[in-house]
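Subject: A structure for you to explore

Hi there,

Here is the structure I promised to pass on. Have it open while you read, and follow along at your own pace.

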Amino acid sequence: MDPKSLLDRIDEKACLDFLSKMVQHKSHSETEGEKDLARWMAKELEKIGVEAELQAFDDGNRFNTIGRLKGTGGGKSLLFNGHLDTNPVTEGWTVDPYAGLVDDNFIYGIGVSNMKAGDAAYFCAVKTLLDAGVKLKGDVVLTFVVGELQGGVGTLAAIKSGVKADYFINSEPSDLVAVTMHAAALSYVIELTGDTRHLSKREESVDAIAAACDIIPRINAMTFSGAKSDEHRSINRGHVGVVHGALGRDFAEWRPPQVADFVRLRGSLRYAPGQTQESVLADVEAELRLLEGRFPGLQAKLVPDMIEGRPLMPPFEVSPDSRIVKSINAAYEAVRGEKQPTGAITPTRFYGTDAGHLYHELGMEGIVCGPGGRYNTMPDERVDIVDFLDMIRVYMLTILDICEVA
């Protein structure tokens, strides 16, 4: 059967209905709803003839759903990776975040962009091929994990269990761009300790808030040493996201006439493959030593902001000449009639995704490419219907190319 003719077999309404049902599961991270969705996905995989495993981890408190469509042999295997857990609902929504509403242009809901549309796209791609009677040489592995929002604990559990393939597609929302590189994500804390005085003697003080105002834009403008190329350096970014400053470590605020003597900053650093956590932190330390020189008497302390049980998300990289990149590029061009944007592209180059774990732990070649993105993690989160349906088509053609028809 001609691969392009298979694209006409997509049941668009059924695919949108399936995604709506996923949205209707309130699968916030580390809740019973997350478990319910994992169980539901396993049942749906079994309905279409895909072997399903409900994989327990975290002492049985959380579940991944792993689907395996076994090939006849001789083809390369392809793993799809996406997470089921979602962020909480914020203020500002004008539609029901759990209804899975579909209008003429969009499908709405919490987590629909991050990243249930990606999950549904590869499920529907496999279902459409199976409904058409297609048999593949290579295996297709469908991983619906949880815990990506806690540093990728679900994907790491899947890797530990032996899940792997020749190539992977991580379906994080990229607006169908093929992301070949993204940064590592490292959180940190900086504590600035000054020396208080009454404002009448401010000249004798060491003002921790003034020092914070000096260092924040410098951190936000940082790149880091050891970048392998200008492209690698382009995914370097420092960021300060939290600022607390007042009197003492308990942040007493009732005495504003005094100069603040303590500030705590929290933020995140993004760095490229080839750079290390140690070298990045050393670069920040060097900036803090210069800050102490500009504010004599200031003490500046830097520590990684590690949460117990939450791994760091490593960087990801794949050669543009990799077979998986060329395959998804060709599929995109066949579907849309134009070249696929490919590379370390903003904003996706600053993402942290489970692709980093598959790359770092298993050495797998893969790509980050999924529907959604432009309306990601915001009130009335939504995905363009045309993007969701085109992603299914792109995934179908990529499966046919990588795994080969038996």
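Let's start with a question: which residues does Arg 393 touch, not counting residues up to four places away in sequence? They are Leu 7, Ile 10, Glu 12 and Val 335. Before you look them up, please keep in mind that this is a predicted model.

Arg 393 sits in helix α11, which covers residues 385-403. Its relative accessible area is 16%, and because the cut-off for buried is under 20%, Arg 393 counts as buried. One of its neighbours deserves a second look: the side chain of Arg 393 makes a polar contact with the side chain of Glu 12, at 2.8 Å.

**Another charged residue**

Now find Glu 148, in the loop between β5 (140-145) and α5 (153-160). Glu 148 is buried as well, yet it has no salt bridge. How far away is the nearest side chain of opposite charge? That side chain belongs to Arg 270, and the distance is 9.1 Å. Leaving aside residues up to four places away in sequence, Glu 148 touches His 83, Asp 85, Glu 172, Met 313, Gly 352, Thr 353 and Asp 354.

**Helix α5**

The helix that comes after this loop, α5, is mostly covered, with 6 of its 8 residues buried. The buried ones are Val 153, Gly 154, Thr 155, Ala 157, Ala 158 and Ile 159. What lies over them? The cover includes the strands β1 (51-57), β2 (62-69), β3 (78-83) and β5, along with the helix α10 (355-362). After α5 comes Gly 162, which has a positive phi, near 105°.

**Two domains and where they meet**

Next, zoom out to the whole chain. The domain assignment gives domain 1 (3-182 + 315-403) and domain 2 (184-304). Notice that domain 1 is written as two stretches of sequence. The centres of the two domains, taken over C-alpha atoms, are separated by 37 Å.

How many residues are in contact between domain 1 and domain 2? On the domain 1 side there are 9, and they meet 12 residues of domain 2. The area buried between the two domains is about 970 Å², and carbon and sulfur atoms give 64% of that. In domain 1, Met 181, Pro 315 and Phe 350 lose the most area to domain 2, and together they account for 58% of what that side buries.

There are polar links here too. Between domain 1 and domain 2, 3 residue pairs are in polar contact. The elements giving two or more residues to the side of domain 1 that touches domain 2 are β8 (181-182) and β13 (316-317). The rule finds 1 salt bridge across this interface. To see a salt bridge up close, pick out Glu 317 and Lys 228: their closest N and O atoms are 3.6 Å apart.

**A loop residue with many neighbours**

Lys 76 is in the loop between β2 and β3. With a relative accessible area of 37%, Lys 76 is partly exposed. Apart from residues up to four places away in sequence, Lys 76 touches Gly 138, Asp 139, Asp 166, Tyr 167, Arg 323, Ile 402 and Cys 403.

**Some backbone details to look up**

Most residues other than glycine have a negative phi, and most peptide bonds are trans. With that in mind, here are four places to visit:

- Asn 114 and Met 115 are joined by a cis peptide bond, with omega about 0°. Met 115 belongs to helix α4 (residues 112-131).
- The peptide bond from Thr 346 to Pro 347 is also cis, with omega near 5°. Pro 347 lies in the loop between β14 (342-343) and α10.
- Asp 58 has a positive phi, near 55°. This residue is in the loop between β1 and β2, and at 39% relative accessibility it counts as partly exposed.
- Phe 251 has a positive phi near 55°. Phe 251 is in the loop between β10 (237-246) and β11 (262-271), and it is buried, with a relative accessible area of 16%.

Have fun looking around, and write back with any questions!

Best wishes

Terms used: Residues numbered from 1 in each chain as written. Predicted model: local features only at pLDDT ≥ 70, side-chain atom pairs only at ≥ 80, totals over all residues. Heavy atoms only, no water. Helix = DSSP H or I, 4+ residues; strand = E, 2+ residues; numbered from the N terminus. Buried < 20%, exposed > 50% of the residue type's maximum accessible area, 1.4 Å probe, protein only. Lys, Arg positive; Asp, Glu negative; His and termini not counted. Salt bridge = Lys/Arg side-chain N within 4 Å of Asp/Glu carboxyl O. Contact = heavy atoms within 4.5 Å. Domains from an automatic or database assignment. Buried area = accessible area lost by both parts, 1.4 Å probe. Polar contact = N/O pair within 3.5 Å; in protein donor to acceptor, adjacent residues only side chain to side chain.
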